[in-house]
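Here are some short exercises to work through with a structure viewer open. Try each task before you read its solution.

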Amino acid sequence: MSTTLHPATPEMNRDDAAEILQKHKIHHAVVEFKVSGKFAGLLSSWDIARECALDAKVIKIENVVWHSY
């Protein structure tokens, strides 16, 4: 376990926050306010995954071309 914190900020978008987690190979990050440096919350890789899933587009079955071989 590492004792070094790699904080995110509430103003960051999802991709920037995910980059912090990926760059430092961590699964959780402290979220702190940029100006005051005070604790704002925690961010996990599951939060990133959930947001990505909510943004995923569903393919309409009518638009799928089926091939039989």
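The exercises below go from the overall fold to single residues, and they rest on a predicted model.

**Exercise 1. The overall layout**

Task: Work out how many helices and strands the protein chain has, and which pattern they follow along the sequence.

Solution:
- Start by counting: the protein chain holds two helices and two strands.
- Next, read along the sequence, and the pattern comes out as α-β-β-α.
- Then turn to burial: of the 69 residues in the protein chain, 17% are buried.
- Finish with the surface: about 6,200 Å² is exposed, and carbon and sulfur atoms supply 59% of this area.

**Exercise 2. The strand pair**

Task: Find out how strands β1 and β2 run relative to each other, parallel or antiparallel, and what connects them.

Solution:
- Locate β1 at residues 28–32 and β2 at residues 39–44; the two run antiparallel and are joined by five bridges.
- To fix the register, look at Val 30, which stands opposite Leu 42 in β2.
- Now follow the chain from β1 to β2: they form a hairpin, with six residues between them.
- In that turn, check Gly 37, where phi is positive at about 75°.

**Exercise 3. The two sides of α1**

Task: Decide which residues of α1 are buried, and explain why they line one face of the helix.

Solution:
- Begin with the buried set in α1, which consists of Ala 17, Ile 20 and Leu 21.
- Look down the axis of α1: the buried residues fall within an arc of 90°, so they line one face of the helix.
- As a reminder, an α-helix has 3.6 residues a turn, so residues three or four places apart point the same way.
- Turn to the other side of α1, where Gln 22 and Lys 23 are exposed.
- Ask what the buried residues of α1 pack against: the partners are β1, β2 and α2, the last of these spanning residues 45–55.
- Last, inspect both ends. At the start of α1, a side-chain oxygen of Asn 13 comes within 3.1 Å of the backbone nitrogen of Asp 15. After α1 comes Lys 25, with a positive phi near 55°.

**Exercise 4. The nonpolar core**

Task: List the residues of the largest nonpolar core and say which element gives the most to this core.

Solution:
- Collect the eight members: Ala 8, Ala 17, Ile 20, Leu 21, Ala 29, Val 31, Leu 43 and Ile 48.
- Sort them by element: α1 and β1 are the ones that give two or more residues.
- Of the elements, α1 gives the most to this core, with three residues.
- Take Ala 8 as a closer example. Beyond residues up to four places away in sequence, Ala 8 touches Ile 20, Val 30, Val 31, Glu 32 and Leu 43.

**Exercise 5. Two residues compared**

Task: Classify Thr 9 as buried or exposed, do likewise for His 28, and list the contacts of Thr 9 and of His 28.

Solution:
- Place Thr 9 in the segment before α1.
- Its relative accessible area is 16%; buried means under 20%, so Thr 9 is buried.
- Setting aside neighbours within four places in sequence, Thr 9 is in contact with Val 31, Glu 32 and Lys 34.
- Now place His 28 in strand β1.
- With 57% relative accessibility, His 28 counts as exposed, the cut-off being over 50%.
- Under the rule that leaves out neighbours within four places, His 28 is in contact with Leu 21, Leu 43 and Ser 44.
- Close with a distance: His 28 and Leu 42 lie 14 residues apart in sequence and 7.0 Å apart in space, C-alpha to C-alpha.

Conventions:
Residues numbered from 1 in each chain as written. Predicted model: local features only at pLDDT ≥ 70, side-chain atom pairs only at ≥ 80, totals over all residues. Heavy atoms only, no water. Pairing = 2+ DSSP bridges. Helix = DSSP H or I, 4+ residues; strand = E, 2+ residues; numbered from the N terminus. Core = buried A, V, L, I, M, F, W, Y, C linked by side-chain atoms within 4.5 Å. Buried < 20%, exposed > 50% of the residue type's maximum accessible area, 1.4 Å probe, protein only. Contact = heavy atoms within 4.5 Å. Arc of directions from axis to C-beta. Polar contact = N/O pair within 3.5 Å; in protein donor to acceptor, adjacent residues only side chain to side chain. Areas by Shrake-Rupley, 256 points an atom, 1.4 Å probe, with all protein chains shown as cover.
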